[in-house]
Structure formats: C-alpha cells, structure tokens
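Student: I've never looked at this structure before. Could you walk me through how to read it?

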2 protein chains.
Amino acid sequence: VKPLRKGRPLFDRLALIGIGLIGSSIARAVKAKGLARTVVCTSRSRTTRERVRALRLVDAVAPTPAKAVERADLVIVCVPLGAYGDIARAIAGKLKRGAILSDVGSCKQSVLRDLKPAARPGVHFIPAHPVAGTEHSGPDAGFAELFEGRWCILTPPKGTDRRAVNKLKAFWRALGGHVEVMDARHHDLVLAITSHVPHLIAYNIVGTADELRAVTKSEVVKYAAGGFRDFTRIAASDPVMWRDIFLNNRDAVLEMLGRFVEDLTAVQRAIRWRDGPMLFDLFTRTRAIRRAVIAAGQADNPPPATKARTAKSRTGQDKAARLAR
Amino acid sequence: VKPLRKGRPLFDRLALIGIGLIGSSIARAVKAKGLARTVVCTSRSRTTRERVRALRLVDAVAPTPAKAVERADLVIVCVPLGAYGDIARAIAGKLKRGAILSDVGSCKQSVLRDLKPAARPGVHFIPAHPVAGTEHSGPDAGFAELFEGRWCILTPPKGTDRRAVNKLKAFWRALGGHVEVMDARHHDLVLAITSHVPHLIAYNIVGTADELRAVTKSEVVKYAAGGFRDFTRIAASDPVMWRDIFLNNRDAVLEMLGRFVEDLTAVQRAIRWRDGPMLFDLFTRTRAIRRAVIAAGQADNPPPATKARTAKSRTGQDKAARLAR
C-alpha cells in the first residue's frame, strides 16, 4: 500500500448513503483530512438531511441514493442492515465503472447477500466494518476521531481487484484506523462474541431490571453506580441498528449465546454449591484479558493519546455527547 | 440531622480495618475534609501497611485490628466479606463504649450474621454500603471524590440508637454522598440486580470469550471496541471481593439470575424466530432507563461536575488509574 501523500485526496467523490453516528464521523474525518475532493450524502429522513446541511458536514446533500452515487468513486453505505436491500435496488446500475462500493455494517455475510446485487461488473464490491462506535446516534453524535486506533475489517469476496482493496485500506488507515482482511463468515463469528452477544445481554439485564416488582425502577436508577450503569449505556444504543444486527447474524449469535448460557449455568451451579475456588479462578482469569485490552489500546474511546490532542478541535455538541457517555 | 459545622471533626478517632479502594478513599476524603481528628488503619498485608505509610494516607498504621480499634469512636470494616468472621473475633470486646461499628460491604444480611457478634452492648452496630467503586483495587486506587453524588445505604438493625444512625448519616453526607436507610434483606435484593448479577454476567462473557477456539484471544482483544471492552473492565474487579459477594448473597443472586436467564431465553427465541418487533420493543424500552440514570447523575464516575473541580487535587497515581478506566 502506497503511503498517502499529504494534501492529495484519495478519492474524487465520496458518497455516503446514510449519515448517522458512523456516516457523519466519516464525513467529518474526510473533510478534516482532505481525503476526498467532494463529499455527498443522502438520508431517507428529511430531518436528517436538513440537520446535515445545518451542520455543514458535506458538500452536497442528495435527495435519493441514486442521485448520491452519481459520479462517485467511493460509495459507503451507512444505514441499518435491514435497509440494505432497498438501497441495493435504488443504486443498482447507477454506480460508475471502477467505483468502490463499500459499507460499515456490523454483519458481513448478510451484506454479501443484500448489497452485492448492486455492484454490476466493473464496480469493486468491498464490504467493511469499522469496529468503533458509541451509544449515541444521528449526525450530531459523530466525531472525526472515532476511528483512530480502531480496527476496520474488510471482507472482500474472492477475486476482488487487489488495487481497489489497497485503496480502501489506505482510506481507513488515513482515518486513523488499523485494517484487517477477513472472511465474512469468520467476521460474523468474531463480532458475535465481541460485540453482538455483549450488547444482547446488556439489553437483557436492563430489561429484566425494568420489569421487577420487588425492586422499584427508582431504586435501579439510584444504585446504578454499582455496575448497572455501564449496561444501561450499552443498552442505549440504536434500537433499529441492533434489531437488524440480530436478525442478520442469527446463526453466529445463537451459537455464541449458547456457549455463554452454558458457562453461566456452570457459574450458577458454583454459586448454589458455594464453590468459591471455581468463582475465584474465573474472576482471576478474566483480569488477564482486561490487561491485554488495555495494552492493545482498545480500552478507551477514543484512545487516551488522541483524547487530549483532539479535545480542542471538537464542537460543543460532540463534547456534550462525549461527556454524557 | 444537624448540618456539619465546618472545621469541627465529627469523630475523634476513625479506625479503618482494611485499606483498599474503598478504605483508602474514605481515608483520603476524611483527611481532606477534617472529619476525624485521628485516622488509624490496619491491613492483614504487610505490603499494604507499608504502602499506606509511604502514601501518608493516615495518622497511624496499627499492626492488628484489635490495636486499630482501641479508643476509636468510629470503626469501619473495609475488607472482603469472607474475612468478616475473623475480624469480628479479633475485635470482639475491644471496642469502646458508645463507638459506632460499621462497614462498607456489598451484602448486608451476611454482615448482620458475621459482624454483629463483635458489637457488645453499648456499641452501635450500623452496617453501611456506599454504592461506589471502580475496577481498581488497593490503597493506590482510592480517591477522595469517589463517594460524591453516590448513594450510601445504611441497614441498622431494629432498635439501633437514632443519634448514632444520624451521626453516621452525617459522616457519609460529609463525604459527598446521599444516604438511604433500608432493610438488609431488601438491600441484598436491590444490589443483586443492580450490581451483583451485572458483574457476574460480565465475568461470564469474558470467560466464554477466553475459552473459544474458533475466535482467537488476539481477535477478542483487537475488536474489543465493539462493546466487549466495557465487560472486560467490569470483569477486572477484585476476584476475592467478588467471590465473597456471590458466596454471601447467594439466594438473592440466584433469584435475579433466574429471572435474567428466563428473559434471555425469550430473547434467544425471538432471534431464532426472527421476531424483529419483540427485539425492537426491548431495545427501545431500555433507552428510557439510561435517560433516567443520566438524569439522576449516576451515569459517570465521579459525576461530571465533580470531575473538573477535583482534577487538580488528585495525585498522579490516581489520575493514571482514572485514565486507565
């Protein structure tokens, strides 16, 4: 991969289909770093389109996906997975020859199924997943540093043009990320355990607490500092996005959930039979993983080094969003 | 409760039995606010006793619990729940008449059973639980602001002297906390759902991920930003403390865990049968709880208002510990 020459855009025209947390973070970073000559976006919601104009996040806001992708040499789909089929139908045959069609979705096998039909011969179809995010949604929630130090996983189908893959790699590296190439099936398994099941159990414990009679909602909220608060944060993530993830990564999530429940049953049994050593061993083993996560610079969002440096460049809204985290 | 007169200590001599995250945070706050004329502590570990001396956290480090409680008018036990029996035997009959014997343990029914024997007639036994903490342990991890804006739950047995309860309330309020009085049994139920089960499932998912073959440990660490990292943080909490919590709040934890698993089974079934609306409803409902937690000022640690004000008063070590969170 050629290093990026400063000041020279990697792409002529970037089209973002959907401009929520991830799309608007890409827009902010691309504008800040000059990675594309023109950035155009679209959104199904008129409110969002107006908000994006007010925020001046992009050069042009198109009324439809078909209009947005015109003349674009990089198209990134940034909508919930359930909308991919509609998007594919809307842009099929509209992409220019040689363009790269990519996305940011959290499952990759379903993307091969749903989005590939939009890429006619001559269009490079390269699904991608930047493993980064917060529990906030919408174009106000994004920030340019979101991808710094984070991994972006590409899952190009076999036979994808190597130069196109390298160009997309260079793009994500320019956004501050690390890049990994992986098989879509393996991606979905890795994300099921590192992201999807954790979100599911966070949603679930908050739901359980919400429905109790013996403990009031007000008590749950007052004493949230005992650990519950972290789960409420995760369980505040976008409901549509997460519904679509579970519907589209069904098999891997059910497989990992099965293992989680199996292990939980063993822990439950250890508590019932007062097996202190079993609990102590588990609680000690998990500490090592935390140390590895910290050592890998993946413990904070964004990483500490970035935090200080970028604090001043953020808008008031971004700051407020970060503080609320 | 009389408001605290500035500069006048509430207690003459405070004894801390155990000086980890919570004990050392109490010591720091009490010294900073002048809430006791003398603060003495003890620890079973020689390393900790030496570290506390080096950090100059207290006025005196006693070699044993029996020595530490001599002449103290407030004794706070800050050790893991499994050590309460030993402490009770070591200090039985050594507390001065009129002294308050309290603690900071995360379960309260077991404390009634294990620590009450140490309180001979004339000693006020008032178990307490400040619902505050981080995943860090030891005397270096504490900071004076830990209790600001957090709730401290007192569970005095029936018939406890009201003035003594009010004095302990004033103490925790002076540390910046809110105070609630509650029945020990109800406390254990509330904490099971807001703290104990959340920690258990965090430990469990990290354990599950750690044992997978299909996904390597290195992958789990690299892609932790997808949500997993928050669970690794919680699962890095002190293993001895948490083992003892599960052994001592067995029934309430098993009850709440049962409900969690029941609900999880329903969610699992919804994924298997592609029941999008059920998932969407749950994911929407949980957002409301997050909003309530933020509104109650329990979302951050310590609350944002405190953060800025206290940033300068912290030592380098404390700062490092907070950054690592």
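Tutor: Sure, let's take the pairing of the chains and then a couple of backbone details, keeping in mind that this is a predicted model.

Student: Okay, how many residues of chain A are in contact with chain B?

Tutor: Start by counting who touches whom. Here 98 residues of chain A are in contact with 98 residues of chain B.

Student: And what area is buried between chain A and chain B?

Tutor: About 9,500 Å², with carbon and sulfur atoms giving 68% of that. On chain A's side, Tyr223(A), Phe283(A) and Arg290(A) supply 8% of what chain A buries against chain B, more than any other three residues.

Student: How many salt bridges are there between chain A and chain B?

Tutor: The count is 8. For one you can look up yourself, go to the side chains of Glu180(A) and Lys222(B), which meet in a salt bridge at 2.4 Å, N to O. Polar contacts are tallied too: 30 residue pairs between chain A and chain B, both residues at pLDDT 80 or more.

Student: Which elements give two or more residues to the side of chain A that touches chain B?

Tutor: Among them are strand S8 (151-154), helix H7 (184-210), helix H11 (250-272) and helix H12 (276-295) of chain A. H7(A) gives the most, with 20 residues. By residue type, that side of chain A divides into 55 nonpolar, 19 polar and 24 charged.

Student: What rotation superposes chain A on chain B?

Tutor: For symmetry, look at the turn and at any shift along its axis. A rotation of 180° with 0.0 Å of shift does the job here, at RMSD 0.0 Å. That is the relation of a two-fold axis. If you want to find the axis from chain A, look for Asp230(A): its C-alpha is the nearest in that chain, 3.6 Å away. Both copies use the same surface, as 100% of the contact residues of chain A recur in chain B.

Student: Now the backbone. Which residue has phi near 65°, a positive value, without being glycine?

Tutor: That's Arg71(B). Arg71(B) sits in the loop between helix H3 (65-69) and strand S4 (74-77) of chain B.

Student: Is Arg71(B) buried or exposed?

Tutor: Compare its relative accessibility with the cut-off: exposed means over 50%. Arg71(B) is at 54%, so it counts as exposed.

Student: Where is Arg274(B) found?

Tutor: In the loop between helix H11 (250-272) and helix H12 (276-295) of chain B. Arg274(B) also has a positive phi, about 55°, although it is not a glycine.

Technical notes: Residues numbered from 1 in each chain as written. Chains lettered and ligands numbered in written order. Predicted model: local features only at pLDDT ≥ 70, side-chain atom pairs only at ≥ 80, totals over all residues. Heavy atoms only, no water. Contact = heavy atoms within 4.5 Å. Buried area = accessible area lost by both parts, 1.4 Å probe. Salt bridge = Lys/Arg side-chain N within 4 Å of Asp/Glu carboxyl O. Polar contact = N/O pair within 3.5 Å; in protein donor to acceptor, adjacent residues only side chain to side chain. Helix = DSSP H or I, 4+ residues; strand = E, 2+ residues; numbered from the N terminus. Nonpolar A, V, L, I, M, F, W, Y, C, P; charged D, E, K, R; others polar. Buried < 20%, exposed > 50% of the residue type's maximum accessible area, 1.4 Å probe, protein only. Least-squares fit on C-alpha atoms with pLDDT ≥ 70 in both.
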